[in-house]
Structure formats: structure tokens, C-alpha cells
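Here is a short report on one chain. Take a look at the structure before reading on.

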Amino acid sequence: MSEYLLKAVDISKAFVGVQALDAVSLDIRPGEIHCLAGENGCGKSTLIKIISGVYQQDAGYIEFNGKRFTRITPLEAIAMGIQVIYQDFSIFPNLTVMENLAFNTELAAGRRLVNKRRMRTVAEEALSKINFDIELDRLVGSLSVAEKQMVAICRALMFDAKLIIMDEPTTALTRKEVRALFEIILKLKEQGIAILFVSHKLNEVFEISERFTIFRSGKHIVSGNTSELDDRKFSYYMTGREFDAEPFRPRYEGGECVLEVENLAIEGAFEDVSFRLCRGEILGITGLLDSGRSELALALFGLRRSTGGRILVKGKEIAMGSPRDAIEAGIGYVPEDRLSEGLFLPRSIADNIVISEIDRLTGALSVLDFRRYRQEVEDWVRALSIATPDPENACSTLSGGNQQRVVLAKWLACKPDVLVLNGPTVGVDIGSKHDIHRILQRLANEGMAVIIISDDLPEVLQNCSHLLIMKDGRIVARPDPGSTDENTVLSHML
Amino acid sequence: MNALLKFYRRDRHISRLVIMLAGWLIFMAITCFDKFFSIRNFPTIASVIPEYGLMSLGAMVCMITGGIDLSGVGIANLTSITMALFMKSLPDETGYVTPWMVPLVLLMAILCGLCAGAVNGTLISKVKIPPILATLGINQLLTGIAMVITNGPAVQNIPPVYSSMINNKLLKVVPGKRGTVSGLIPVQLLIFVAVVLLIWFLMARTSYGKKLYMIGTNENVARYSGLKVDRMLIKTYAMSGACAALGGMIMLANYSSARADYGSQYTLQCILIVVLGGVSPTGGRGKISGVMLAIVLLSLLEAGINRFPQISSYYITMIWGAVLLLVMVLNYFAENPIRKRR
């Protein structure tokens, strides 16, 4: 038995014209928790797909358990004990937990008839491996993200896995759930299973992994023990740039109060939420996933109807019936999920930027004024330095950070007085995150009122002038971000 | 050559339609030039095109939103029947009807279409019925009402002034049979072209067009972007209804009668034309130029096949189906080039 469970050596892979991986190497010891980090598009996913046999490398080889492969098929990968848990978990939402778990063994055994009792035994056995307690007859589609993930892990374990690859497993999890996941990962480690944990979140890398590997634009940058890594080094390895995080200092003076929320409530989501927001302020709202923070955001933007309380913009009460009402009152909203709520991916960058203000770019009979349209697009592409050769290109050609800038541009183009951002830097690389924070601080200092809703504590502490902490649908604390630390905030949240 | 290639690449789908159209015209020129390329043949084709052409335009805008409109024929027939009955009630004792009633009747028909379409749009946007079911239901309902009103047979003997006005051909240069003079440009075609230009303008030049494509791309994002999605859908289905109603009025002129089951093959034919024209059935993609080409291609195919006495007209449906599948298959291979497998 060799020292390493998996060795990927000098792997290269090119897609039409793009070198996705350039002679990268990765090695994992048996029973180790290894973290693979890097910005979006650095080649992490490509390497995973090569290891699991979905893609074939152009050069290099893979050694697993001392056996050398120049190419692996997906079936070989599974047979050798390599299991990948993708972000979408690849499970069937319309089937029950039991069916999802037992499906593969039933198929593998070539059974054509369904035997519920046998399936139940198989499923129970799978769940018992990580002591996961869930009703077997529930539909997987009705489970929470964390529960789905557990089902996926249980299923992976059924194949006698030696290496489990988790692709950004914490993206949609709450803090509590991340905790639970980490415990499971440690339990798996005890059973001698190696974990390759793919992430770009610094704190997770520190918390869980023993060794790490960082890629940048398809190249191997560094591997080492996590204990030798710190914040600054991590950001540097990831981006090749050095950052000085600058805390927000409000500079806009004499800001009138633009937004007042009085006893706002949505039955079953949150209640009795009141706050005031003036020009030049950045208000942070944080809390766990189920704290009501997202519902609050939706209510502020007219996407959910409030069942009590009032929203006043510049002293005037606004009946929030639809997003249009909010926009006309001067509120912009950068949504939580860029892909399903923020962007028309197949459409052009230009269309995406102007769509919300498009009625302002028309003449008589709502005929579009294409000269003003192009001017507007050009201005915003420049103002937010969106990296594109041609704004007529589809939005899907942009990286996550640039896509988020397009969403920002869309709302800034509406010239709002209040900009609400729900998770402004989720799925955005460190470089862009830094830039987005700078943009938000600048906007506030130019007189905009900004609300950042986020569970990224360093983000809210660093960028906000005020902070609300929500728990179970109520505001539980309003600490001053300048004199609070993450642990205090956490203790209020939990 | 390079310019040609560039033109081909600008929109491959449309280029392929152009090539197929050219190919068919050349084939017809070789096999029966005299019969097909006669000066009398084209006005005849052009007077039938608007019937389903107008309905196809409506189907197109709805499909661009990501929906579908199957109620065109129902709207067309009920409108033409009510308008036919209305016109029959007009003549005084002397049997005279003023020609001015024709534009008025057309206007009323458009209003009927708008209303029926708005009901479709409301069912889809407010009551959240899937478009395919809502419009199919409305189609059945309207066809049913039309049957009840007429008891089945066609409404005939409408004032002849209506047919003679709409079914007229302008630019009278061609000597017709037995010394009568027939024209080159049918009035139906003019109405159709006017509607085409109007819809092209709406889609390409106004904010309505941009929003239409955005809603079709992703309705949820459109909602989050502050577009009034419900209102847009109602407007769009209303527009489709108006197109269908006009199509019905042209059928009324062409047949000089109205019946509850005229043109029932048009429902699916329109959907085929729209898809053939390059509109994505999932919404957000498609151009009016493609749909126009598809309409012309299919009608020339039909007219051409009719020139061969030995081929029964029953083959037309089969050939249409084959053309549609051929284009879809070509599209598939154009978008997913066959790669060498290692």
C-alpha cells in the first residue's frame, strides 16, 4: 500500500481554446480531509470530473491505491470507491428517501420487481452508517437542502467508498447545518474514508481540513498543511493579489431618513420589525437561514405582502403590492440567487443592465431610443468595470463576480434611494467580493442608503454602520458593528 | 463568397429556410415552370396565406413568452360567425348595405379577439392555469358556443359587399378568364402585411418587445426585475386573439360563409409554422422574419404540390410533417456538431 490513496500527476485538460487545467497535481492520503480551494473557474470542477471519469485528461495520469490509470471510466471510478457528491446532489426529488437510497442496489442487482420490504432494509442500513435519522417515506423533494445532502452522503457510503469528493457542500447550508456536516465528515474520517472537500470559503478550509491544495486559473499554486496557512496567505494564493480590507467609515453628512419600517410582519415568517435608515448608512441584517431575514427582504421589495406594519419611504407610506411599486418608491433589490432571480443568463449583458429602467429609455409610443440605450449600457459597463469585450454578449459568458456586477448595474441604473442586497457576494470570488464591497461603501458615501442581508459575518461587520440580528422572526440585538466581534454576533444568532 | 458565408452565419436557422425555399422554387421551375410561375398563381396563394398567417403571428408572440396559444381557430370562427350574423342583420328593405360598414366590422372583430385573448391571458397570469390548458379550454368553449349559435351549418348569404371588398385584388393588369380583369395584389395580403409590420415594430423597436423576450427567457427574473409580468401576458394573449379574429374575418371573406369548424387544421399548423420559423418552444427566442419565411415556404410547398395532378392533396400534411422534422433535425446537428469520439 502506497503512502497516497490518490495521486493525480501533471493533469492537463483543454476545452476548445481554453486551457482548463495546466499540469496540475493533487495527492490525498488515506483517511485524510483534504481541501481543494480556488476561485470560480480555476479548474477545481474539471479535476473532479477527471478523477470521477466524467472527462478524460489530455495529459498526465492518476494513481489510485497504487494502481496507475491513464483514463478512468465513471464505472471504474465507482468500483474503486470514488464517490462524488455534486452541488445538486443528483438525487430524485420525486421519489422517497427509501427509493433514492435503494435504487442503485436494486438496479445493480438487476431486479425488475419492486420489493418494498427489501428496499427498506437496504435504506435503513445506509442511514445507520452515519446515524442519520429521517423518515424513509418522505419525498426527497420536500427535504431541506441539508437533509438532501445527508441522503446523498448515505447513498455514496453504500458503495464502499474510499474517497468522497464533496463539491462546495456548504453553499446552501445554515451554520448549524454546516456544523452537523463537519461532524459527519470527521466520523467518516474515523472510518478511514478520505474526503476531498472543495470550497472557496476560508473559514471552512481552516476548520475542517488537514491539508490543502490551491489552484488558480488552471494552475497548481500550492499544497501544504492547513496549520501553516493564514488569512492573508490564503487570499494571496487564491487571487494573486493582496487585499487590505477597509472597514466602512460613513462620510456622507446630514443624511435625511429615507426608509422607515414600523412593526412590519409577515405571519409565520417574522414580526415586529422596526428600523430607520438614513442616506449614507449601510445597515447589515444577519441571522440564520430561518430567521426571517430573506422574507423581510422580499417584503421590502413587494415580492411578499406584509400582514402588518408599515413601510415609509421619505416619509410617505408605500403600499408594496409588487416590485414595480418598490422601484417607483426608490428601492432596488439585488436578489439572493443570481441565476434564478437576478439575471436573464442567455440574454445580452446590455439587455440585463437596462431592463428594469427600460421605460425611461423610450420616446413616444414607447419606441426605444437606441442611442440612449447604448449610451446607458456603455456608462454602466465602464462605471462598474464589467469585464466584457462586447455588451451584446450573453450574460452567461461572464464569471460569477462580473455577473453580480451586472445585477448591481441593473439596480443602480434605476437610481434607487435605498438598495437592498440579499447575499451580495454569495458565489463570488475573493477579488470581486472585495471590489463589490468597495462599490457599496462608495455608493453609501455618495448618499445612497444600503441594506446588506448576509450571514457572512466578516462581510457585515466590516461594511456596515448599523447591524440588526434576527432570530426566529424577531430582531434580537442591534450591536454596533465597530465594537462587536463575530462570536458575540454568533451568540445572538444561535 | 465570403459575404455570402457571413450572411449564412448571421442566423443559420433563417439561412437554412431561405436555402430550402430557393431549392423548392428551383425544383418547381425545372418541373413545371409554366403552371407554377404563372401570374395568376401567386395572387391566389397570397389570398390564402393571411388566414393562417395571422393566426401564426399570434401563436408566435405567445410562444416567445414561453406559453402557447391554441385558441386561435376558436376565436377566429366565433368572431366570423357573430360578424356574419351581424352583417346579415344590416340590409334594409332594398338590400343595400353601405361599404363603410366593412372597416367597422373589422374593428369590432378585432375588439372581440382582444377580449377573448385577454381572458386567455388572465387565466394564465392570474389564475395560473398552464397556457396549453387555458387556451385549449377557451378554444373548446368558443367552438362550442359557435356550434350552439349556428346549430352546425355554415352562416351564408352575407352581404356580398364584404367579400367583394376583402377578396378584391388590386393593380388590375391581368386579363382574366372570359375577358374579366383580375388584379395582382389581394386585399387580404395588404391586411396581413400591415399586421406583420405592426408586430415587427412592436417586437424590434419598442420596450414591449424587449420585455416580451425577457419574460420568455425567465419569468421569475422578470418579476424580480420589476416587470409587470401579468399585465404583459394579458396584453400578449390579447394581441394574439386580435390576430386570430382578423384571420377569421379573412376566412369569412374567402369562403363567403362562416362555420364553427372551418380551418380546424390551422390550430396545429400554426404551432408547426412558428416552431419551423425558429421560435423556441421554451420561449425567449425567435424572430418574425423566420416565421414569415416558414409561412411562405409551407404555402409554396402546398401550392407547388397542387400543380402535380398525380399527387393527391392528401400528401400535403405528410410533407409538412416531414419538413418540420427535417428542420428540427438539421437544427439539432447544427447546434450539436458531431464530435469525434475517442
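In β18(A), A:L283 finds its bridge partner, A:I451. This is a predicted model: local features need pLDDT of at least 70, side-chain atom pairs count only at pLDDT 80 or more, and totals for chains, interfaces and linings use all residues. Residues are numbered from 1 along each chain as its sequence is written, while chains are lettered from A and ligands numbered from 1 in the order in which they are written.

Strands β13 (residues 282-287) and β18 (residues 449-453) of chain A run parallel, joined by four bridges. Strands (E, at least two residues) and helices (H or I, at least four) are DSSP runs, numbered from the N terminus. Two strands pair if DSSP finds at least two bridges between them.

The wider sheet is open and mixed, with six strands in the order β16-β17-β18-β13-β19-β20 (chain A). β16 (331-334) and β20 (474-477) of chain A are the edges; each has a single partner strand, so one side of each lacks a neighbour in the sheet. Neighbouring strands are turned by 25° against each other on average, direction ignored.

Two helices touch this group of strands. Contact means C-beta atoms, placed from the backbone, within 7 Å. Axes are lines fitted to C-alpha atoms, for helices over the stretch in contact; angles run from 0 to 180 degrees between N-to-C directions.

| Helix (chain A) | Strands touched (chain A) | Angle |
|---|---|---|
| α15 (residues 430-445) | β13, β17 (418-422), β18 | about 145° with β18(A) |
| α17 (residues 486-493) | β13, β19 (466-471), β20 | about 35° to β19(A) |
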